[in-house]
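Dear colleague,

Please find below the structure that I am passing on to you. My notes on it follow underneath.

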Amino acid sequence: MPSEQTRQHPVDMRYSSRTIASVSAGFVPSAGGRAVYKLVRTSRLYEQIVQQIEDSIVKGVLKAGDQLPAERELAQRFGVSRTAVREAVKALREKGLVEAYSGRGTFITDGTTQAVRQSLDLMVKIGQPEGSTHLAEVRAILEPEIAALAAVRIQEPELGTMREAVAVMDRAGQDPDAYIEADLDFHLALAEGAANPLILSLLDSIVGLLREQRLRIFNVSGGPERGQFHHKRILEAVERHDADKARAAMHAHLEQVRDDSQAPSAKRVPGRPSAH
């Protein structure tokens with residue numbers, strides 16, 4: 001049973017990986033002595049716990065990398081059973097907001113991309129065959145402008161990643177996995193170069209869903225070579241910080257992707273580089 005004092009005050013649950021060494025009890029006093037959470041006492045308690053933790057993530061009180069207190073400690077702080085805490089943590093994991101590691105604890109994750117990716121993945125599966133077409137259209141709207149922004153804002157680390165990705169794709173030969181991973185690296189480095197975390201999250205959610213399309217293009221005769229031609233044009237425009245040319249090069253690349261993804265696949269010839 002929680003004490004009368006605990007009932008009267010909200011629960012402070014800011015427990016961070018940055019404070020583990022200095023706060024052995026697992027809880028960090030909030031500014032001005034004010035706490036973060038209120039105890040919950042109605043049915044479906046775990047949903048209220050989930051809501052309070054979500055609110056803390058939205059407000060920035062809990063951030064990616066912060067560690068939640070142990071199950072027993074959370075139950076005491078919220079004034080609920082360990083079963084309710086267990087159900088809450090399970091729900092948060094399903095939402096992609098926390099990740100539990102055996103022997104280490106439960107940590108807040110950057111759940112935005114994962115949540116969007118899961119939603120889009122479900123939409124594509126439900127909406128087939130239109131789902132892939134819809135995603136390709138969204139990509140055609142986003143990526144040319146991402147390339148234009150990156151041409152203006154990109155820094156050397158992202159440019160280095162793009163150059164290495166192009167080199168890996170050139171060397172990929174008959175290895176579709178190596179090519180596809182390098183392809184993802186290329187496009188995500190471009191999104192990172194745009195210096196907008198929302199853009200990066202959106203693009204990461206979309207391009208990951210097109211893995212099957214990438215594999216089909218890898219097996220289209222001449223598709224790998226065409227893809228690399230466009231990758232190199234995009235890279236050249238971004239290196240020159242030419243937004244207009246970067247936009248046009250990405251637009252041309254996505255048209256090539258669309259055309260090759262609709263072409264019949266052919267068995268790849270040994271030693272050929274990869275595509276898209």
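The notes below cover the origin of the model, its nonpolar cores, one helix and an aromatic pair.

This is a predicted model, in which local features need pLDDT of at least 70, side-chain atom pairs count only at pLDDT 80 or more, and totals for chains, interfaces and linings use all residues. Residues are numbered from 1 along each chain as its sequence is written, and side-chain values use heavy atoms, with hydrogens and water left out.

The largest nonpolar core (buried Ala, Val, Leu, Ile, Met, Phe, Trp, Tyr and Cys joined through side-chain atoms within 4.5 Å) holds 26 residues, and M162, F186, L190, I234 and V238 have the most contacts inside it. Two or more residues each come from α6 (130-153), α7 (156-171), α8 (176-193), α11 and α12 (243-261); helices here are DSSP runs of H or I with at least four residues, numbered from the N terminus. The greatest share, 7 residues, comes from α8. A second, separate core has 18 residues, including L74, A75, A88 and V89.

Helix α11 (residues 223-239) comprises 17 residues. Among its buried residues (under 20% relative accessible area, 1.4 Å probe, protein chains only) are H230, H231, I234 and V238. Just after α11, H241 adopts a positive phi of about 55°.

The whole structure yields 1 aromatic pair (ring centres within 6.5 Å). The rings of Y179 and F218 have centres 6.1 Å apart and planes at 50°, so the pair is tilted (neither under 30 degrees nor over 60). Because Y179 lies in α8 and F218 in α10 (residues 211-218), the pair ties together parts 39 residues apart in sequence. Both Y179 and F218 are buried.

Yours sincerely

Note on methods:
Expected span 1.5 Å × (residues − 1). Buried < 20%, exposed > 50% of the residue type's maximum accessible area, 1.4 Å probe, protein only. Phe/Tyr/Trp six-rings, centres within 6.5 Å; stacked < 30°, edge-to-face > 60°.
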